[in-house]
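Trainee: I am new to this structure and would like a close look at a single part of it. Could you take one residue in a strand, tell me what surrounds it, and then work outward to the rest of the chain?

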Amino acid sequence: MQQKEDLQELASLFRGMMKTIENDGSERFVKEFENAFKPQAGFFGAYKFNIEDYSKPLVIQVKNADLKVYYGENDSVDVVAQITENVLDGIVSGRMSFQRAFMAGGMTMK
């Protein structure tokens, strides 16, 4: 009985480690934002998304027609959001808006 519980605990631990490894340096969400980008003259903004279980935040920087989307650090952003992978997936797939995610409590911002 104890052996079975130990194996389940180890399996859970390794699943968590694998998820963290997969998310390190991941390009998940980068292409989705790049493909959906519609430049607007005179628009400047920088956003950082701290995605649950990701080791690095997703940073989006917009300056007129220039877009940079990457995983890394940037302390000079306009908005910092805490979000889960599932909620962000819903947003980039068009099933949810940022406003709806915020109002439903799936995302917090400052």
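**Lys 48 and its surroundings**

Mentor: Leaving out residues up to four places away in sequence, Lys 48 touches Pro 57, Leu 58, Val 59, Glu 73, Asn 74, Asp 75, Val 77, Val 79, Val 80 and Ala 81. Please keep in mind throughout that this is a predicted model. Lys 48 lies in strand S1, and with a relative accessibility of 11% it counts as buried, because the cut-off for buried is under 20%.

The strand partners of Lys 48 account for some of the names in that list. In S2 its bridge partner is Val 59, and in S4 its bridge partner is Val 80. Behind these two bridges stand two strand pairings: S1 pairs with S2 in the antiparallel sense over six bridges, whereas S1 and S4 pair in the parallel sense over five bridges. The hairpin of S1 and S2 has six residues between the strands, and within this hairpin Asp 53 takes a positive phi near 75°.

From S2 we can go one strand further. S2 and S3 run antiparallel and are joined by six bridges, with Ile 60 standing opposite Val 69 in S3. These two strands also form a hairpin, this one with two residues between them. Asn 64 is found in the loop between S2 and S3, and it has a positive phi of about 55° although it is not a glycine. With a relative accessible area of 29%, Asn 64 is partly exposed.

Further along S1, Ile 51 leads to the nonpolar interior. The largest nonpolar core has 18 residues, and those with the most contacts inside it are Phe 29, Ile 51, Leu 58 and Ile 83. At least two residues of this core come from each of H2, S1, S2, strand S3 (66-71), S4 and H3. When neighbours within four places in sequence are set aside, Ile 51 is in contact with Phe 29, Leu 58, Tyr 71, Ile 83, Thr 84, Glu 85 and Leu 88. Leu 58 is therefore a name to remember, because it is touched by Lys 48, is in contact with Ile 51, and is listed among the core residues with the most contacts, each of which counts as buried.

Phe 29, another of those core residues, is found in the loop between helix H1 (2-23) and H2. Its relative accessible area is 0%, so Phe 29 is buried. The phi of Phe 29 is near 80°, a positive value in a residue other than glycine.

The contacts of Ile 51 with Glu 85 and Leu 88 bring us to helix H3, residues 85-92, where Glu 85, Val 87, Leu 88, Gly 90 and Ile 91 are buried. Ile 91, which is found in this helix, counts as buried because its relative accessibility is 10%. Apart from residues up to four places away in sequence, Ile 91 touches Ile 83, Met 96, Ser 97, Phe 98 and Ala 101. Ile 91 and Ala 101 are 10 residues apart in sequence, and their C-alpha atoms are 8.0 Å apart in space. Just after H3, Gly 94 takes a positive phi of about 90°.

The strands of Lys 48 and its bridge partners also take part in the lining of a pocket. The largest pocket has a volume of about 380 Å³. It is lined by 16 residues, of which Phe 37, Phe 43, Tyr 47, Ile 60 and Val 62 are the closest to its centre. Helix H2 (30-36), strand S1 (44-51), strand S2 (58-63), strand S4 (79-83) and strand S5 (107-109) each supply at least two residues of the lining, which divides into 14 nonpolar residues, one polar and one charged.

Finally, the whole chain gives these details their setting. The chain has four helices and five strands, and from the N terminus on its elements run α-α-β-β-β-β-α-α-β. Buried residues make up 28% of the 110 residues in the chain, Lys 48 being one of those that count as buried. Among contacts between residues at least 6 apart in sequence, 57% join residues at least 24 apart.

Terms used. Residues are numbered from 1 along each chain as its sequence is written. This is a predicted model: local features need pLDDT of at least 70, side-chain atom pairs count only at pLDDT 80 or more; totals for chains, interfaces and linings use all residues. Side-chain values use heavy atoms; hydrogens and water are left out. On a 1 Å grid over the protein atoms alone, a cavity is a set of points where a 1.4 Å probe fits but cannot get out, and a pocket is an open set with protein on both sides within 12 Å along at least five of seven lines; lining residues have an atom within 4 Å of a point. Grid points are joined across faces, edges and corners, and a volume is the space filled by probe spheres set on the points. Ala, Val, Leu, Ile, Met, Phe, Trp, Tyr, Cys and Pro count as nonpolar, Asp, Glu, Lys and Arg as charged, and the others, Gly among them, as polar. Buried means under 20% relative accessible area, exposed over 50%, partly exposed in between (1.4 Å probe, protein chains only). Two strands pair if DSSP finds at least two bridges between them. Contact means heavy atoms within 4.5 Å. A nonpolar core is a set of buried Ala, Val, Leu, Ile, Met, Phe, Trp, Tyr and Cys residues joined through side-chain atoms within 4.5 Å.
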